[in-house]
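Reader: Hello! I am new to this structure and would love a close look at a single part of it.

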Amino acid sequence: MVRYQTVKAGFPTAWLKTASFLAFVLNCTFLFILPFESLLNLGAAWQADEYSHGPLIPLIALLIGWHRLTERQPDIKPSWVGLPVLLFGITLIAISHLSAFEPPAHYGFILTLVGITLATFGKSFTSTITPSFIYLFFAIPLPRLIYVALSAEMQLWSSTLGVFILQLMNVSVFQEGNIIDLGGYKLQVVEACSGLRYLFPLMSFSFLMAFLYNDKMWKRIVLFLSAIPLTIGMNALRIALVGVTVNQWGASMAEGVLHDFEGWVIFSVCVAFLFGEMKLLNLLGKKGSNGEFFRYDYLGLAHGALLAKGKMTLSTLPLITLFISGIAAFILVIGTLDNRQEIIPQRPLFQSFPAQIEGWVGTNEPIDSATLSTLKLDDYLLANYQRDADKVSVNLYMAYYKSQRVGSSIHSPSNCLPGGGWRIEKRSIEPIDLGAQTIPVSRLLIREGQQAMLVYYWFAGRGRILNEQYEAKWYLFVDSIMKHRTDGALVRLTTTIAPQETEQDADRRMQAFLSESYALTQPYVP
């Protein structure tokens with residue numbers, strides 16, 4: 001049984017506090033090294049409008065923790081509870097490393113930081129700065145698959161509500177999905193207009209306001225959650241205002257500086273609404289302590305000691321174990337995983353893929369250097385195949401990665417297409433009969449304005465055909481351990497649905513090409 005020693009104020013206490021602080025700094029250093037590439041990519045994600053508030057989150061979280069520590073001055077009592085939390089966080093970082101999927105590394109980073117804090121300073125200290133840890137989650141981007149699904153819903157909600165507002169203003173308007181038809185002009189509510197660029201910053205701001213709001217918990221929860229309907233409603237109003245200005249002065253009103261200015265105005269109005277809501281909520285009950293309903297003191301620097309001065313309780317064993325765990329994790333993830341010998345199968349290059357396939361004639365297309373630097377693939381084929389009897393071609397795209405890592409892995413069409421302005425109208429997994437075998441493919445019906453396209457795709461490699469992105473990430477993790485392989489490929493077929501065609505016509509064309517080409521693709525995606 002571990003015996004805890006109570007140490008009175010004096011030199012030993014100062015020395016032990018210093019030792020705890022050094023243990024914390026050392027393990028935090030390990031923590032930053034383990035998912036370093038994922039953290040760099042996190043900085044790149046903060047360049048997007050939706051997450052442009054990201055760099056401020058760690059600074060604000062640090063300020064919150066500083067204030068709370070000076071207020072409560074907790075004792076130091078290292079806790080064994082921190083060790084399983086630490087190991088779980090490191091496990092998430094390792095899973096991210098092996099699966100080339102970044103979100104587990106981001107969440108694992110925060111959990112590992114919590115584990116280090118628990119093991120070094122104890123439960124009381126960690127509980128005191130828990131709001132800081134929670135606030136850090138607002139700096140992490142949503143997984144792309146969730147982001148795309150949420151964006152699609154937000155686009156539809158904002159479009160529908162925007163059309164309703166236009167109809168209340170006696171503007172003649174017709175809605176078809178995310179297309180708003182004003183008669184002379186058609187507005188498409190694309191991903192960039194979904195409202196997420198307001199929702200994410202506004203939710204982080206509303207959480208901060210709710211934290212500083214000195215009143216009952218239910219009011220603080222209402223204040224925080226109200227950012228969601230407020231964002232949807234104000235974004236719908238923005239779309240309606242764009243519709244009115246476009247209807248009066250032309251399509252130029254929906255573009256350029258004016259469009260961006262409208263966005264900033266809407267965000268500012270949302271912030272003003274939150275402050276007004278807080279004032280109204282304050283009228284429903286008693287004010288906070290000392291007559292103040294808002295913690296204005298948190299807006300400046302904190303003053304005073306961070307830790308208790310009277311005593312500290314210390315068990316050196318959790319600290320020693322923490323050191324060992326940190327060093328072991330460093331060796332495991334950085335040393336063993338990065339230096340393991342991967343098996344890279346022999347395969348022909350795509351340049352040898354046949355240009356003629358049973359009546360189909362292909363024409364290769366190059367990918368520009370900027371796109372290649374983003375994709376970071378090792379080999380690719382992009383070609384249009386067409387038969388004499390068809391007026392529309394089938395585009396075949398195959399991308400191969402011999403070793404997938406965070407930042408260098410397969411990009412799912414379901415995630416990339418919406419970013420290019422395409423709206424996914426239908427999504428399904430369909431079995432395609434090729435005669436000798438049946439394969440499952442992901443089928444997408446996409447649309448941009450009046451243009452519609454049909455997309456088939458699947459993830460291939462290591463003896464598997466997979467359709468779901470998260471399923472592909474899971475098997476990449478499993479195969480990296482069991483087979484020592486992280487190679488893989490994306491196979492994607494695309495065709496335009498001509499104005500005189502139906503979806504079934506496009507399906508028949510795609511399946512006819514697939515039945516002739518599938519066997520030929522297999523040596524290239526082992």
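Reader: Are Arg462 and Asp479 buried or exposed? Please start there, and then show me what surrounds that part in the rest of the chain.

Author: Happy to help! A word on the source: this is a predicted model, in which local features need pLDDT of at least 70, side-chain atom pairs count only at pLDDT 80 or more, and totals for chains, interfaces and linings use all residues. Residues are numbered from 1 along each chain as its sequence is written, and side-chain values use heavy atoms, with hydrogens and water left out.

Now to your pair. Both Arg462 and Asp479 are buried, where buried means under 20% relative accessible area, exposed over 50%, and partly exposed in between (1.4 Å probe, protein chains only). Their side chains meet in a salt bridge, at 2.6 Å from N to O. The term stands for a side-chain nitrogen of Lys or Arg within 4 Å of a carboxyl oxygen of Asp or Glu. Arg462 sits in the loop between strand 12 (451-461) and strand 13 (464-466), while Asp479 belongs to helix 16 (residues 469-482), so the pair ties together parts that are 17 residues apart in sequence. Helices (H or I, at least four residues) and strands (E, at least two) are DSSP runs, numbered from the N terminus. Elsewhere, salt bridges that share partners link Lys426, Arg443, Glu503 and Asp507 into one network.

Other pairs can be read in the same way. Arg347 forms a salt bridge with Asp379, the closest N and O atoms being 3.1 Å apart. Arg347 lies in the loop between helix 13 (316-339) and strand 6 (356-357), and Asp379 in strand 8 (residues 379-386), so this pair ties together parts that are 32 residues apart in sequence. Arg347 and Asp379 are buried too. Lys219 and Asp215 also meet through their side chains in a salt bridge, at 3.4 Å from N to O, and both Lys219 and Asp215 are buried. A search of the whole structure finds 15 salt bridges.

Let us step back to the whole chain. It holds 17 helices and 14 strands, and 50% of its 526 residues count as buried. Among contacts between residues at least 6 apart in sequence, 74% join residues at least 24 apart; contact means heavy atoms within 4.5 Å.

Next come the nonpolar cores. A nonpolar core is a set of buried Ala, Val, Leu, Ile, Met, Phe, Trp, Tyr and Cys residues joined through side-chain atoms within 4.5 Å. The largest one has 60 residues, and those with the most contacts inside it are Leu136, Leu202, Leu223 and Met278. Helix 9 gives the most to this core, with 12 residues. Leaving aside residues up to four places away in sequence, Leu136 touches Ile57, Pro58, Ala61, Ile110 and Leu113. A second, separate core of 32 residues includes Val394, Ile439, Leu514 and Tyr518.

Finally, here is one helix pair. The axes of helix 3 (residues 56-72) and helix 9 (residues 196-212) come within 12 Å and cross at roughly 10°. Such axes are lines fitted to C-alpha atoms, for helices over the stretch in contact, and angles run from 0 to 180 degrees between N-to-C directions. Ile57, Ile60, Ile64 and Arg68 of helix 3 make the contact with Ser204, Leu208 and Phe211 of helix 9.
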